[in-house]
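Biologist: Before I plan anything at the bench, I would like to go through this model with you, one question at a time. Could you show me the sequence and the structure?

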Amino acid sequence: MKNQFFPDEEITDDDLYFLCYMIERTAKRSRQRNRYIVNRIPQKEWRRLISLANVLHCENPLKIENEWISTYDLKEGDFDITDTDPELVDLIPSETQMGKVYTRLILATLQPEEDLIDGMIRVYNDKICHVLDDHNCSAYYEPSYVITKAYNNGSF
């Protein structure tokens, strides 16, 4: 996938990771599911954001969260990803950890006709996200190939 502002530059896996990380941060802050964030931002805008990712990663993530919430009119929800059973969960995975989980899943399931944004939208709209985002289970800690196989099979 080419950078829309600099056609000689390729979009990298790290650019995708940055978006996944910011989706996690913004979803957690706004108490929404990741899918809400992904679907509120138009596809054309995602293409712009991934082209700017190599610059945006230098910004304060809190500033980017605020800009996304304001610019894309993201509403406060009632989904609290941190609401877990303390007997089952000692430590909730960080936004960086979950960003990596989603990045690896997107890259592992990318179809030949898709670019990174198409793959990102497809994955975040899949029902497997409900399992990955349920921190009372350990699905997010599974090796990447297990998560990919579960995605391809339709469930864990």
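Biologist: How many residues does helix 1 have, and what span is expected at 1.5 Å a residue?

Modeller: Bear in mind that this is a predicted model. Helix 1 runs over residues 13–30, which gives 18 residues. From its first C-alpha to its last it reaches 26 Å, and this is close to the expected span, 26 Å.

Biologist: How many of the residues of helix 1 are buried?

Modeller: A residue counts as buried when its relative accessible area is under 20%. Met22, which has its place in helix 1, counts as buried because its relative accessibility is 0%, and Arg25, which also lies in helix 1, counts as buried because its value is 19%. Helix 1 as a whole is mostly covered, and the number of its 18 residues that are buried is 13.

Biologist: Is helix 1 roughly parallel or roughly perpendicular to helix 4?

Modeller: The axes of helix 1 and helix 4, the latter spanning residues 61–71, come within 10 Å and cross at roughly 70°. Angles of 65 to 115 degrees count as roughly perpendicular. The orientation of helix 1 to helix 4 is therefore roughly perpendicular.

Biologist: Which class of residue, nonpolar, polar or charged, has 10 members in the contact of helix 1 with helix 4?

Modeller: Helix 1 passes helix 4 in a right-handed crossing. From helix 1 the contact draws on Phe18, Leu19, Tyr21, Met22, Ile23, Arg25, Thr26 and Arg29, and from helix 4 on Pro61, Leu62, Ile64, Glu65, Asn66, Trp68 and Ile69. Two of these residues are polar and three are charged, while the class with 10 members is nonpolar.

Biologist: Leaving aside neighbours within four places in sequence, which residues are in contact with Arg25, and which with Met22?

Modeller: With those neighbours left aside, Arg25 is in contact with Pro61, Leu62, Glu65 and Glu95. On the same basis, the residues in contact with Met22 are Pro61, Ile64, Glu65 and Trp68.

Biologist: What separates the C-alpha atoms of Met22 and Ser144, in Å?

Modeller: Along the chain, Met22 and Ser144 are 122 residues apart. In the model, the separation of their C-alpha atoms is 20 Å.

Biologist: Which residues of helix 8 meet helix 5, and how are the two helices oriented to each other?

Modeller: Helix 5 (residues 95–109) and helix 8 (residues 144–153) have axes that come within 10 Å and cross at roughly 60°, in a right-handed crossing. Val101, Arg104, Leu105, Ala108 and Thr109 in helix 5 meet Ser144, Ile147, Thr148, Tyr151 and Asn152 in helix 8. By class, this contact of helix 5 with helix 8 has five nonpolar, four polar and one charged residues. As for the orientation of helix 5 and helix 8, they are therefore oblique.

Biologist: What is the phi of Arg31, the residue that follows helix 1?

Modeller: Arg31 is found in the loop between helix 1 and helix 2 (34–40). Its relative accessible area is 29%, so Arg31 is partly exposed. Although Arg31 is not a glycine, its phi is positive, at about 55°.

Biologist: What is the phi of Asp73?

Modeller: Asp73 lies in the loop between helix 4 and helix 5, and it counts as partly exposed because its relative accessibility is 39%. Asp73 is a residue other than glycine with a positive phi, and the value is near 50°.

Note on methods. Residues numbered from 1 in each chain as written. Predicted model: local features only at pLDDT ≥ 70, side-chain atom pairs only at ≥ 80, totals over all residues. Heavy atoms only, no water. Helix = DSSP H or I, 4+ residues; strand = E, 2+ residues; numbered from the N terminus. Expected span 1.5 Å × (residues − 1). Buried < 20%, exposed > 50% of the residue type's maximum accessible area, 1.4 Å probe, protein only. Axes fitted to C-alpha atoms, helices over the stretch in contact; angles between N-to-C directions. Parallel < 35°, antiparallel > 145°, perpendicular 65-115°, else oblique. Left-handed = near helix turned anticlockwise from the far one by under 90°. Contact = heavy atoms within 4.5 Å. Nonpolar A, V, L, I, M, F, W, Y, C, P; charged D, E, K, R; others polar.
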